[in-house]
Amino acid sequence: GLTYSRRMDESSQREAIQWFKKAIQVAASFEDAAVLRSAYQNLGQAYLILGEGSEALATMRKAVHLNPDSAPSQALLLQALVKNKEYGEALEVTESLLLMTPNDPWCYKMAACLVGGVGLAEEAGAFKRKAEELERRRP
C-alpha cells in the first residue's frame, strides 16, 4: 500500500509528496478509488508533517470527499482544520469522529481541546474525563 514513515527527514517528505501526487494522477486515470483515497490521505499527512496547513487542508478535504466514512481521513482533516484555525468546522468533524470511533480516547482529547479553546470549560472537562476513562480500559 501507499504508506511511509513519519520519521523521514524533510527532503524525504518532499519526495514522498511528489510520489503521492504521481499516484493520484495514475489512480485517477485508471479510476482506482482505493489507491486514490490512500494517496490523498498520505499526501495530506505529509503536508501536515511539514507544517503546510493550507495544502494539508485542501488535500484532506478531497480525501474525506472520496471516503467520508474513513475515521483516519476524518482525523487528519481535523488536524488540518485546527492547524488552519478553522475551529467551527473542526468541531463538526470532531462530532462526526466521536460517532465513528466512540472508544478512541484521541477523539475525546481533541474535543476537549477544541471546546476548551472556545471557553466551554465544563464540556472540555467532560471530554477529558471520558478520554481518561477510555485510556484506563485499554489493555
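Which residues is Q74 in contact with, leaving aside its neighbours within four places in sequence? That was my way into this structure, which is a predicted model.

**Entry 1: Q74**

I looked up the contacts and found V64, P68, V93, S96, L97 and M100. Q74 itself has its place in helix α4. I then checked its accessibility: the relative accessible area is 6%, and Q74 counts as buried because that value is under the 20% cut-off. I also wanted to know what the polar side chain does there. The side chain of Q74 reaches the backbone oxygen of P68, at 3.0 Å. P68 is also on the contact list of Q74.

**Entry 2: the core**

Next I turned to the largest nonpolar core, and I noted 37 residues in it. L77, L78 and L97 are the ones with the most contacts inside this core. I listed the elements that give two or more residues to it: α1 (10-30), α2 (33-49), α3 (53-66), α4 (71-83), α5 (87-100), α6 (105-117) and α7 (121-137). As background for my notes, nonpolar side chains tend to be buried together in soluble globular proteins.

I picked L78 for a follow-up. Not counting residues up to four places away in sequence, L78 touches A90, V93, T94, L97, W106, M110 and L114. V93 and L97 caught my eye, as both also appear among the contacts of Q74.

**Entry 3: cysteines**

How many disulfides does a search of the whole structure find? I got zero. For C107, the closest cysteine sulfur is in C113, 12 Å away, and no bond forms because that is too far. Seen from the other side, C113 is in no disulfide either, with the sulfur of C107 as its nearest at 12 Å.

Are these two cysteines buried or exposed? C107 counts as buried, at 2% relative accessibility. C113 counts as exposed, at 56% relative accessibility, because the cut-off for exposed is over 50%.

**Entry 4: E89**

My last stop was E89, which lies in helix α5. I read its relative accessible area as 27%, so E89 is partly exposed, a value between the 20% and 50% cut-offs. With residues up to four places away in sequence not counted, E89 touches R61 and L81. I also took one distance for the page: E89 and A39 are 50 residues apart in sequence, and their C-alpha atoms are 23 Å apart in space.

Technical notes:
Residues numbered from 1 in each chain as written. Predicted model: local features only at pLDDT ≥ 70, side-chain atom pairs only at ≥ 80, totals over all residues. Heavy atoms only, no water. Core = buried A, V, L, I, M, F, W, Y, C linked by side-chain atoms within 4.5 Å. Buried < 20%, exposed > 50% of the residue type's maximum accessible area, 1.4 Å probe, protein only. Helix = DSSP H or I, 4+ residues; strand = E, 2+ residues; numbered from the N terminus. Contact = heavy atoms within 4.5 Å. Polar contact = N/O pair within 3.5 Å; in protein donor to acceptor, adjacent residues only side chain to side chain. Disulfide = S-S within 2.5 Å.
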